[in-house]
Amino acid sequence: GISTDDQAHNAQFAAEHGFEYPLVCDVDGHVVKLFGACKSRQIRPSHHGPRDACTSAARVTVVIDAHGQVVGYEPEFNARTGPAELLAKLTTLHAGL
């Protein structure tokens, strides 16, 4: 997972939910913007002048294959049904390799 939260917050969140994988910290929102997952923005000062910063990430699903290619994108993620749907898609994708 990736979020705009800092490392301490992501570590606490991961521990609370029993995640056994790292969460990526994108505190400036650069990667979140690239994947079209910016939920809220804020103008922040910088040494290059004001910039549009992504301050929180929406729940989207991006499937990246072993070659670094985006092979799936779901712009909305339902926390109740999403994991099972994603597993089914990944199983189908893996079977086609």
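**Residue P22, helix α1 and the largest pocket**

In the predicted model, P22 is exposed, because its relative accessible area of 70% lies in the range over 50% that defines this class. The residue is found in a loop, namely the one that runs between α1 (7–17) and β2 (24–25). With respect to Q7, P22 stands 15 residues away in sequence, and the C-alpha atoms of the two residues are 9.9 Å apart in space.

Local features were also identified at both ends of α1. At the start of this helix, the backbone nitrogen of A8 has a side-chain oxygen of D6 within 3.3 Å, whereas just after α1 a positive phi of about 70 degrees is adopted by G18.

The analysis was then extended to pockets. The largest pocket has a volume of about 1300 Å³, and of the 38 residues that line this pocket, those closest to its centre are G1, I2, R59, V60 and T61. Two or more lining residues are contributed by each of the elements β1 (2–3), α1, α2 (30–34), β4 (51–57), β5 (61–64) and α3 (82–95), so that both helices and strands, as assigned from DSSP runs, take part in the lining of the largest pocket. Among the elements, α3 gives the most to this lining, with five residues. When the lining of the largest pocket is divided by residue class, 24 residues are nonpolar, ten are polar and four are charged.

Note on methods
Residues numbered from 1 in each chain as written. Predicted model: local features only at pLDDT ≥ 70, side-chain atom pairs only at ≥ 80, totals over all residues. Heavy atoms only, no water. Helix = DSSP H or I, 4+ residues; strand = E, 2+ residues; numbered from the N terminus. Buried < 20%, exposed > 50% of the residue type's maximum accessible area, 1.4 Å probe, protein only. 1 Å grid on protein atoms, 1.4 Å probe; cavity = no way out; pocket = protein on both sides within 12 Å on 5 of 7 lines; lining within 4 Å. Points joined across faces, edges and corners; volume = space filled by probe spheres on them. Nonpolar A, V, L, I, M, F, W, Y, C, P; charged D, E, K, R; others polar. Polar contact = N/O pair within 3.5 Å; in protein donor to acceptor, adjacent residues only side chain to side chain.
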